[in-house]
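Biologist: I have the model open and would like to go through it with you. Could you start with the helix packing?
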Amino acid sequence: MAKAKKKSARAKRPTGNDAIALLKADHRQVEEWFEQFEKTRDDDRKLTLATKICSALKVHTTIEEEIFYSAFLAATEDKDMHHEAEVEHAGAKNLIAQIEASSPDDDYYDAKVKVLSEMIKHHVKEEEQPGGMFAEARDSDMDLEALGEQMAARKSELEEASGVTPPGARKQRNDGRASNARN
Ligand SMILES: [Fe+2]
Ligand SMILES: [Fe+2]
């Protein structure tokens, strides 16, 4: 009898390929680059890594704000969570701009990258922790599959516009089939 229960959650079942999987993959990639930055003593390597980190974070925060966060706010009406995330992005972007305007021979360069990594660590935790934004998104009516495709497309567009396509970027450019991307 109880079988009549409707399965309305189908669209947001995790597939490893949805909006949240895409955002988490970005988080892992940037964390790896931060770790590598911390280990190296080589200025060229530092510059390469910091450049990749800054570019990736700019693309990531843009697709979150344009697509994920706005869908989150519409679906959950959780202004506190949404606004806090946006303010954290603004803080990170400020530091990213400083890092991009600087170079490893600046005495403060390492400190700036270190503080950025701490800000991002905190922010990622707020997004990924139990009861955090992603958990709330999963419990909502958000169509995470569709949002994932939208974000993958926008991400490719932004990466191409900035001339940066990070190594290891999933094959999702130009073929219009972003849903084939694996994580
Ligand atoms: Fe994020
Ligand atoms: Fe974020």
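Modeller: In this predicted model, the axes of H2 and helix H6 (residues 144–162) come within 10 Å and cross at roughly 145°, where axes are lines fitted to C-alpha atoms, for helices over the stretch in contact, and angles run from 0 to 180 degrees between N-to-C directions. Helices here are DSSP runs of H or I with at least four residues, and strands are E runs of at least two, numbered from the N terminus.

Biologist: Which residues of H2 and H6 make the contact?
Modeller: On the H2 side they include Val 59, Ile 63, Ile 67 and Phe 68, and on the H6 side Leu 147, Met 151, Arg 154 and Leu 158 are among them, a contact being two residues whose C-beta atoms, placed from the backbone, lie within 7 Å. By class, the contact of H2 with H6 has eight nonpolar, four polar and four charged residues.

Biologist: Where does H2 bend, and by how much?
Modeller: H2, which covers residues 43–76, bends by about 45° at Glu 65, the bend being the angle between axes fitted to the seven residues ending there and the seven starting there. After H2 comes Glu 77, with a positive phi near 55°.

Biologist: Switching to Glu 88, why does it count as partly exposed?
Modeller: Glu 88 counts as partly exposed because it has 18 C-beta neighbours inside 10 Å; 20 or more would make a residue buried and 12 or fewer exposed, with C-beta atoms placed from the backbone. Glu 88 lies in helix H3 (residues 79–100).

Biologist: And what does Glu 88 touch, leaving out residues up to four places away in sequence?
Modeller: Glu 88 touches Met 119 and His 123, and its C-alpha atom is separated by 8.6 Å from that of Ile 120, 32 residues apart along the chain.

Biologist: How many helices and strands does the chain have?
Modeller: The chain has six helices and zero strands, and buried residues make up 30% of its 183 residues.

Biologist: What pLDDT does the chain average?
Modeller: The average is 87, and 81% of the residues score at least 70, pLDDT being the predictor's confidence in each residue, from 0 to 100. Over residues 169–183 the pLDDT is below 50, although the model gives this stretch 20 contacts beyond near neighbours in sequence. Residues 1–12 also stay under 50, with five contacts beyond four places in sequence.

Biologist: What conventions should I keep in mind?
Modeller: Residues are numbered from 1 along each chain as its sequence is written, and chains are lettered from A. In this predicted model, local features need pLDDT of at least 70 and side-chain atom pairs count only at pLDDT 80 or more, whereas totals for chains, interfaces and linings use all residues.

Terms used:
Nonpolar A, V, L, I, M, F, W, Y, C, P; charged D, E, K, R; others polar.
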